[in-house]
Amino acid sequence: MSGALERIEKDLRQLHGAAKNGQLDVPDGNKITIMLLGRYHKDNPASFNSWKRAYGDQLELRYSTAHAAKGLEADYVMLLNVTEGLMGFPSQIVDDPALQLAMPEPDDFPLAEERRLFYVALTRARRQTRIYTLQDKPSRFVVELAKDGHTEIKSEKATLKVCPKCGAGTLSQKNGRFGPFEACSAHPECDYTKRLLSGGRGSASAVKSIRLKDPIAERAKCPTCNQGNMVLRMGPDDEPFLGCSSFPRCRTTAQVTKRQNGNGKRGTGH
């Protein structure tokens with residue numbers, strides 16, 4: 001979870017700078033209070049004490065589990081490790097059957113107790129709640145909030161999209177042997193993928209087969225992707241055609257125009 005910890009420290013540094021420069025409304029003689037909340041005691045970051053030393057002149061930091069935070073408040077709340085997994089949030093650890101015998105009848109709604117606990121964690125902040133997750137395994141609670149338009153799931157580079165097939169994961173770009181594609185973070189439970197064609201820095205669109213209408217010379221630059229060259233290929237019926245050398249990332253084709261090589265024979269291409 002090193003990437004998430006780096007982001008938490010970056011946010012603490014920004015809040016510290018804003019408080020120090022008078023950009024935050026801080027009552028005289030007080031500090032900005034920040035509560036780091038985790039589902040378990042183990043979620044307390046290893047850097048917590050060093051953060052207290054580094055930013056303690058402006059920020060009052062404390063760590064608590066969500067259970068222990070009932071009735072507490074802070075200016076800013078940072079929810080840590082809100083990920084999908086056995087010891088994530090929601091927790092997927094099953095209680096001992098002997099304990100369940102002494103408990104009231106469980107709710108029919110999935111993870112009802114964890115949802116109530118998550119609500120407690122969300123409502124501890126007077127000013128703002130920030131949720132920290134991982135791109136490849138965001139908590140279903142975070143995905144549900146994003147689906148309902150209550151929050152956005154952001155990485156350092158972009159806002160993540162919720163999977164249109166399962167609605168439980170987010171889409172991230174990966175590279176395969178056939179080029180870039182989007183895949184759901186809930187894999188293997190969800191097999192949604194979408195092939196992509198890079199159209200420039202930071203942009204992507206679905207790969208489509210494009211047939212050029214106008215003649216184009218063999219070895220000419222592909223007018224679709226501007227990266228590959230049009231090279232001679234053979235179709236299923238041994239019919240030659242020109243195709244982009246960047247295939248399968250680019251699926252541009254064109255009709256072959258006859259040409260003569262130095263021996264007066266039709267060129268074979270390669």
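Here are a few notes on a sheet and a pair of helices in this predicted model.

1. Let's start with the sheet. It is an open one with 4 strands, and if you walk across it you meet them in the order 2-1-3-4, with parallel pairing. As a reminder, strands in a sheet pair through backbone hydrogen bonds, and they can do so either parallel or antiparallel.

2. Which strands stand at the edges? They are strand 2 (59-65) and strand 4 (125-131). Each has a single partner strand, so one side of each has no neighbour in the sheet. Have a look at the twist too: direction ignored, neighbouring strands are turned by 20 degrees against each other on average.

3. Now zoom in on one pair. Strand 1 (residues 32-38) and strand 3 (residues 74-79) pair in the parallel sense, over 4 bridges. To find your way around in the viewer, pick leucine 36: standing opposite it, in strand 3, is methionine 78.

4. On to the helices. Helix 4 (residues 112-122) packs with helix 5 (residues 140-147) at an angle of about 70 degrees, and their axes are 11 Å apart. Angles from 65 to 115 degrees count as roughly perpendicular, so that is the label helix 4 gets relative to helix 5. The crossing is right-handed.

5. What makes the contact between these two helices? Helix 4 brings Glu114, Arg115, Phe118 and Leu122, while helix 5 brings Phe141, Glu144 and Leu145. Sorted by class, the contact of helix 4 with helix 5 has 4 nonpolar and 3 charged residues, and no polar ones.

Technical notes:
Residues numbered from 1 in each chain as written. Predicted model: local features only at pLDDT ≥ 70, side-chain atom pairs only at ≥ 80, totals over all residues. Heavy atoms only, no water. Axes fitted to C-alpha atoms, helices over the stretch in contact; angles between N-to-C directions. Parallel < 35°, antiparallel > 145°, perpendicular 65-115°, else oblique. Left-handed = near helix turned anticlockwise from the far one by under 90°. Contact = heavy atoms within 4.5 Å. Nonpolar A, V, L, I, M, F, W, Y, C, P; charged D, E, K, R; others polar. Pairing = 2+ DSSP bridges.
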